[in-house]
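Please take a moment to look over the chain before reading on, and keep it in view while you follow the paragraphs below.

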Amino acid sequence: SYPYYRTLVEQYGFTKDVDYIESRTEVPRNVPFLEAMRKRYASNEDYYVLGCKTKKELLGHVNNMWELLEVAFEPLYGVVPLTAAQTKYYTRKYFGFLDPEFVKFAYSRDGQMAAFLAAMPSLSQAFVKARGRLFPTGFIHILKAFRKPEMVDFLLGAARPAVKSAAPRAMIWVSMHDSLVKRGVRFIETNH
């Protein structure tokens, strides 16, 4: 945000309640920490990472994802439970835009989702290049950003609080890093 935002907003009587920090970082090709995690959890028999190949396959895990999100986000600042109508709406509105390669699920061997991480190609620069118009040629920039993204935005991630093992989270990050490198992604942007 620009420095003047704070004084502008405070002039209207608002005060800061919480900080949200987002960051943009370059995707390193070689991460010794992730390689150590790969070796450490390679023979893990309690959890496995599931990546989807199609959007239809991805939609098969949506209900588990929403349930886990509710449990994991419940203690966070400003979070209120989603209704069934809201989860249905968000699924219909946003899941069609997700690239299955950038969505990772960690399941326990008993079939319970332990963690997930969802990201999508950033479309910000594509919309700038398209000047906000899909036609006549704006859609080409957007399709290119989907197929060969330079930057990926991390949208949601959660881990089941009852799971004390670091394995599911570490395994997801290793798998996500593999996908980012494979697709040639240069930057990631985190959410708050």
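**From an outer helix to the inner cores**

At 40% relative accessibility, L8 counts as partly exposed, because that value falls between the 20% and 50% cut-offs for buried and exposed. The model shown here is a predicted one, and in it L8 is found in helix α1, which covers residues 4-11. L8 also helps to make a nonpolar surface patch of about 810 Å², together with Y2, Y4, Y5, V9, Y12 and F14.

Helix α1 also holds a charged pair, R6 and E10, which are 4 residues apart and therefore separated by about one helical turn. These two residues form a salt bridge in which the closest N and O atoms are 3.1 Å apart. R6 counts as exposed at 62% relative accessibility, while E10, at 36%, counts as partly exposed.

We can now turn to the interior. The largest nonpolar core has 22 residues, and those that touch the most other members are L58, M65, F95, F105, M113 and F116. Two or more residues are given to this core by each of α4 (62-73), β3, β4 (113-121) and α7 (138-147), and the largest share, 6 residues, comes from α4. To see how one member is surrounded, consider F105, which, leaving aside its neighbours within four places in sequence, is in contact with residues including Y48, L50, L58, M65, F116 and I172. The last of these, I172, is included in a second, separate core of 13 residues, as are L117, V152 and L180.

Which residues are linked with D99 in a network of salt bridges? They are E101, K182 and R183. Side chains of opposite charge can pair when their charged atoms come close. D99 forms a salt bridge with R183, with the closest N and O atoms 2.6 Å apart, and because D99 lies in the loop between α5 and β3 while R183 lies in the loop between α8 (167-182) and β6 (187-189), the pair ties together parts that are 84 residues apart in sequence. Both D99 and R183 are buried.

In the other pair, the side chains of E101 and K182 meet in a salt bridge at 3.4 Å, N to O. This pair, too, links distant parts of the chain, since E101 is in the loop between α5 and β3 and K182 is in helix α8, 81 residues away. E101 is buried, with a relative accessible area of 18%, whereas K182 is exposed, with a relative accessible area of 66%. Besides K182, E101 touches C52, S179 and R183, not counting residues up to four places away in sequence.

Notes. Residues numbered from 1 in each chain as written. Predicted model: local features only at pLDDT ≥ 70, side-chain atom pairs only at ≥ 80, totals over all residues. Heavy atoms only, no water. Contact = heavy atoms within 4.5 Å. Patch = residues over 30% accessible without salt bridge, like charges linked within 9 Å, V, L, I, M, F, W, Y side chains within 5 Å. Areas by Shrake-Rupley, 256 points an atom, 1.4 Å probe, with all protein chains shown as cover. Salt bridge = Lys/Arg side-chain N within 4 Å of Asp/Glu carboxyl O. Buried < 20%, exposed > 50% of the residue type's maximum accessible area, 1.4 Å probe, protein only. Core = buried A, V, L, I, M, F, W, Y, C linked by side-chain atoms within 4.5 Å.
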